Amino acid sequence: MNKMKYIIITNNRKVANLYQETNQVKFYEFKDFLHILDKVQEQVYEGRKLLSDPIISHLEDAKNPFKSVIVSKECFEDNQEFKRIIDLAVKIATQLERPHDNYSEEELEAFRFIDLKLLQESSHAFDD
């Protein structure tokens, strides 16, 4: 199978550290979930396709301050469906309650791990 090239957009240093050797990673440390979605939206509007879910998979994940999204490295002309998806994701994210800033380091580490696991589940389809 042809290995798809992709870009990971993240604010999670665990993800950045794990993938930086093998993939292109755009790492925005200290930026929030909404900022990451804005960066993903910019990439989609440049013609890249979404390769992982840009919004939370479960409502309890809304508390997670970390987000990692995979987009195609290649740009495509027909990208309307992905533009609609990312626009809706940004709209939903602006309406969600923001994660608070006073998590313990243990809680932050757990959130980083959850985000990493979700990303790894998404990326397996491209790494085979």
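Count the salt bridges in this predicted model and you get eight, taking a side-chain nitrogen of Lys or Arg within 4 Å of a carboxyl oxygen of Asp or Glu as the rule. Here are some of them, with the closest N-to-O distance for each pair.

| Positive partner | Negative partner | Closest N to O |
|---|---|---|
| Arg 13 | Glu 105 | 3.6 Å |
| Lys 39 | Glu 42 | 3.8 Å |
| Arg 112 | Glu 105 | 2.9 Å |

Let's start with the pair Arg 13 and Glu 105, whose closest N and O atoms are 3.6 Å apart. Arg 13 sits in helix 1 (residues 13-19) and Glu 105 in helix 4 (residues 105-127), so this salt bridge ties together parts that are 92 residues apart in sequence. Both ends are partly exposed: Arg 13 has a relative accessibility of 33%, and Glu 105 comes in at 46%.

Glu 105 also meets the side chain of Arg 112 in a salt bridge. Arg 112, though, is buried, with a relative accessible area of 5%. Step back and you find a network of salt bridges linking Arg 13, Lys 14, Glu 29, Glu 105, Glu 109 and Arg 112.

The pair Lys 39 and Glu 42 stays within one element: both residues lie in helix 2, three residues apart, or about one turn of the helix. Glu 42 is partly exposed, at 41% relative accessibility.

Now for the sheet. Four strands make up an open sheet with mixed pairing, in the order 2-1-4-3. Its edges are strand 2 (24-27) and strand 3, each of which pairs on one side only. From one strand to the next, the twist averages 30°. Strand 1 (residues 6-10) and strand 4 run antiparallel and are joined by five bridges. In this pairing, Ile 9 stands opposite Val 69 of strand 4. Helix 2 (residues 33-45) packs on the sheet and touches strand 1, strand 2, strand 3 and strand 4, with its direction at about 155° to that of strand 1.

One charged residue is worth a separate look. Lys 67 lies in the loop between strand 3 (48-50) and strand 4 (68-75). Which side chain of opposite charge is nearest to Lys 67, and how far away is it? That would be Asp 115, at 5.4 Å. With the salt-bridge cut-off at 4 Å, this pair does not qualify, so Lys 67 is buried yet has no salt bridge. What does the side chain of Lys 67 reach instead? The backbone oxygen of Asp 53, at 3.3 Å.

Methods:
Residues numbered from 1 in each chain as written. Predicted model: local features only at pLDDT ≥ 70, side-chain atom pairs only at ≥ 80, totals over all residues. Heavy atoms only, no water. Helix = DSSP H or I, 4+ residues; strand = E, 2+ residues; numbered from the N terminus. Buried < 20%, exposed > 50% of the residue type's maximum accessible area, 1.4 Å probe, protein only. Lys, Arg positive; Asp, Glu negative; His and termini not counted. Polar contact = N/O pair within 3.5 Å; in protein donor to acceptor, adjacent residues only side chain to side chain. Pairing = 2+ DSSP bridges. Axes fitted to C-alpha atoms, helices over the stretch in contact; angles between N-to-C directions. Contact = heavy atoms within 4.5 Å.
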